[in-house]
Amino acid sequence: MIRKIFRKTIGIILASAMMLSVSGCSISPEQSTEASGTAEITEESETVNYADAENPEFEQYIQDTFVKKVTVDSSEYNQQIKDPGQFGIERPGKAYWFIEPEGKTIEEKLEADKKEVEEEYNKLMQFEGAELTKEEYFTFITEKSALEVKLKGCEYVKYQEPFYPNRGIQSNVGISLAEFIFREKADVDAYIELLKSFPEYVSFYVEFDNWRAGQGYAMQDSMADTVIDQCNTFLENKDNHYLIQEFDRKIDEADFLSASEKEEYKKQDKENIKYVFDGIEMIKKCVAANKGKASVKGGLANYSDGKAYFNEYIIPYFAGSTKTGDELIEEFETRISQIRNEVSMIAQNNPEAYQYFLQNAGTMFSDFDTNEVSDALDIIMEKNMENYPELPEIKYQASYLSPVLSDIMVGTLAYYMHPAYDEPDKNVIRVNRNHPEDKWLTLAHEGCPGHMFQFNYLMSTDQNMLRKSAYSLGYLEGWAVYSSYNTYENFDYPDIESDKIVGRLSYLNTEMNYLLQERMDIGINYEGWDVKALEKWMKTNGLNAAAANETYEALLAQDPGLLLSYSEGYYEMKEMRDYAEKKLGGKFNLVDYHKAVLSAGPCMFKDLKLWVDQYINEN
């Protein structure tokens, strides 16, 4: 199944909850308004002796692992590869969603899956201590970190919910099929085969979810209700489903098909789309049947090892961080206080800008939001790329999602889908039509200087294909948040000259909304808050405590830890820049620093530090 990376989650219940008031403690003017609230990086990276020549065995490992990664399923292959011959890959035969682990019982299948990951890890570790070039060594340590997180996922497999509202099959299959690319007849045939095999694909995860529920790990009722609603929305208007409309559009544009072939394929699509509906019905029935079977009420922390799961898997997977939940709590609480103090200082020193923000917070971007998606993105790129390395023109397609997919993906503002590695001009950005506001930040995040720039710059480097195809949510979303926040100060706010101050308030407001949500998510899933504990925290922090019950259920209905990719991912990225600036002093150059971070590619932040230390030493 295609990876749904580069997604931006909308605030569920706090879109207007940030209280930019002056009730907090004020700070003196000599205190910095740039305090990040993150722990300073102080440890030095280890000294490594690199080989001058490439290691042939490790280069073969890189190739083999890359091929396995991009052929894990037919949807993944279709999105990543145009011409397999360029990468030494043979086009997969029969289309498939994934290869089910061997075994008769679900326990045997899960054990086989774990064994495969262990074998992957052991294969990599054969190169520990081998002579590797700088790039090879970086590939080794980043792959090692990624596999260690994957192994933790196997250890905590009972928590791995396949039908999460944001990352689940029912929320992503629509994108996988709608974005499936038709380059030749073999692609259309593969698409039809995927329709037919969807129930078989779903059946494994239904079996798995029933196994989880039998052990008391069913999803919470509020989450189940959300998933059932997603399934119902997907199943509407079957005779003229949006996937049928999208298929017909792409078939009509397929110049490699004759008129009769087009009609035949449209007929096959209408006959076989029922299998996708059957699969979604299976998910709906499974979730409905398991509703109420969770052995605990509330967050993950209420399970005996739920807190360990949050520390050992949730944080590394989503944030790419080695921090613990306790460290995140301290960091987030400190940053909440710092934001309030900074806003208080701005209100005292720049009352005009502060009052302007309070009165116009909901309308400052209204005129800009009337732009078409592509026009808006062009304006953003024109105003915000000064501090980033130059690239040739990036070609892209930007549009709104279909109404049905917009409803299914209610928690997604927009997404970016990178092109195939050998088809660089096919960048795609989709915007949820239910959230047409705030295009400035959304398109900066998904486009440039965010994800689209991030991907295209990495493709311009000499990194190997395993690094270019790497995946680390904290790095990916951390960069997109970091770079998009930097655009606020470049917006021309109407009817006021204090653009940078208003921009700073806009940034602080957005940061606080993410911060408050994830702090409460940690409270529920890591500390085990009940509604009363949440109500107390909301009251202490100036939020509407009367909405505590609604807020609690809304947070239980979203994927645990999902926002860590944005909140802690950003703080880790900001912390890394602060570290480099302190080390280099007057020699620090922002464009060169951005080159270094972007050329590393997705990785855990502890590994990114090694790459950044190389950049520091070279300067």
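Is Glu-477 buried or exposed? Glu-477 is buried, and its relative accessible area is 1%. The model is predicted. Glu-477 sits in helix H19. Its side chain has a polar contact, at 2.9 Å, with the side chain of His-445.

**Helix H24 and its surroundings**

Helix H19 is also one of the neighbours of helix H24: the buried residues of H24 pack against it. H24 spans residues 590–600. Eight of its 11 residues are buried, so the rest of the structure largely encloses this helix. Which residues of H24 are buried? They are Leu-590, Tyr-593, His-594, Ala-596, Val-597, Leu-598, Ser-599 and Ala-600.

These buried residues pack against several helices. The partners are H4 (134–155), H17 (451–459), H18 (465–468), H19 (473–485), H23 (567–584) and H25 (605–618).

Both ends of H24 have a local feature to check. At the start, a side-chain oxygen of Asn-589 comes within 3.1 Å of the backbone nitrogen of Val-591. Just after the helix, Gly-601 has a positive phi of about 85°.

**Ala-580 in helix H23**

Helix H23, a packing partner of H24, contains Ala-580. Ala-580 counts as buried because its relative accessibility is 0%, and buried means under 20%. Which residues does Ala-580 touch, leaving out those up to four places away in sequence? The residues are Phe-588, Tyr-593, Val-612, Tyr-615 and Ile-616. Tyr-593 is one of the buried residues of H24. Ala-580 and Lys-609 are 29 residues apart in sequence, yet 9.4 Å apart in space, C-alpha to C-alpha.

**Helix H5 and strand E3**

Helix H5 covers residues 169–178 and is mostly covered, with 10 of its 10 residues buried. The run includes Ile-169, Gln-170, Ser-171 and Asn-172. Val-173, Gly-174, Ile-175 and Ser-176 are also among the buried residues, as are Leu-177 and Ala-178.

Strand E3, residues 412–417, is mostly covered as well: six of its six residues are buried. How many bridges join E3 to strand E4? Four bridges do, and the two strands run antiparallel. E4 spans residues 427–431. Tyr-415 has Arg-430 of E4 as its bridge partner.

**Backbone exceptions in loops**

Most residues other than glycine have a negative phi, and most peptide bonds are trans. Two non-glycine residues with a positive phi are set out below.

| Residue | Phi | Loop | Relative accessible area |
|---|---|---|---|
| Asn-237 | near 55° | between H7 (221–234) and H8 (242–252) | 48%, partly exposed |
| Asp-438 | near 60° | between E4 and H16 | 24%, partly exposed |

The loop that holds Asp-438 leads from E4 to H16. Another loop, between H16 (439–446) and H17, holds Pro-449. Where is the cis peptide bond? A cis peptide bond joins Cys-448 and Pro-449, with omega about 15°. H17 is also among the helices that the buried residues of H24 pack against.

**An exposed site on helix H9**

Lys-285 belongs to helix H9, residues 259–290. Lys-285 counts as exposed because its relative accessibility is 57%, and exposed means over 50%. Lys-285 and Ile-228 are 57 residues apart in sequence. In space, the distance between them is 8.5 Å, C-alpha to C-alpha.

**Cavities**

How many cavities of 30 Å³ or more are there? The count comes to seven. The largest cavity holds about 190 Å³ of space. It is lined by 18 residues, and the closest to its centre are Tyr-164, Met-219, Gln-220, Leu-300 and Pro-560. By class, the lining of the largest cavity divides into 11 nonpolar, five polar and two charged residues.

How values were computed
Residues are numbered from 1 along each chain as its sequence is written. This is a predicted model: local features need pLDDT of at least 70, side-chain atom pairs count only at pLDDT 80 or more; totals for chains, interfaces and linings use all residues. Side-chain values use heavy atoms; hydrogens and water are left out. Buried means under 20% relative accessible area, exposed over 50%, partly exposed in between (1.4 Å probe, protein chains only). Contact means heavy atoms within 4.5 Å. A polar contact is a pair of N or O atoms within 3.5 Å; within protein, one must be able to donate a hydrogen and the other to accept it, and residues adjacent in sequence count only if both atoms are side-chain atoms. On a 1 Å grid over the protein atoms alone, a cavity is a set of points where a 1.4 Å probe fits but cannot get out, and a pocket is an open set with protein on both sides within 12 Å along at least five of seven lines; lining residues have an atom within 4 Å of a point. Grid points are joined across faces, edges and corners, and a volume is the space filled by probe spheres set on the points. Ala, Val, Leu, Ile, Met, Phe, Trp, Tyr, Cys and Pro count as nonpolar, Asp, Glu, Lys and Arg as charged, and the others, Gly among them, as polar. Two strands pair if DSSP finds at least two bridges between them.
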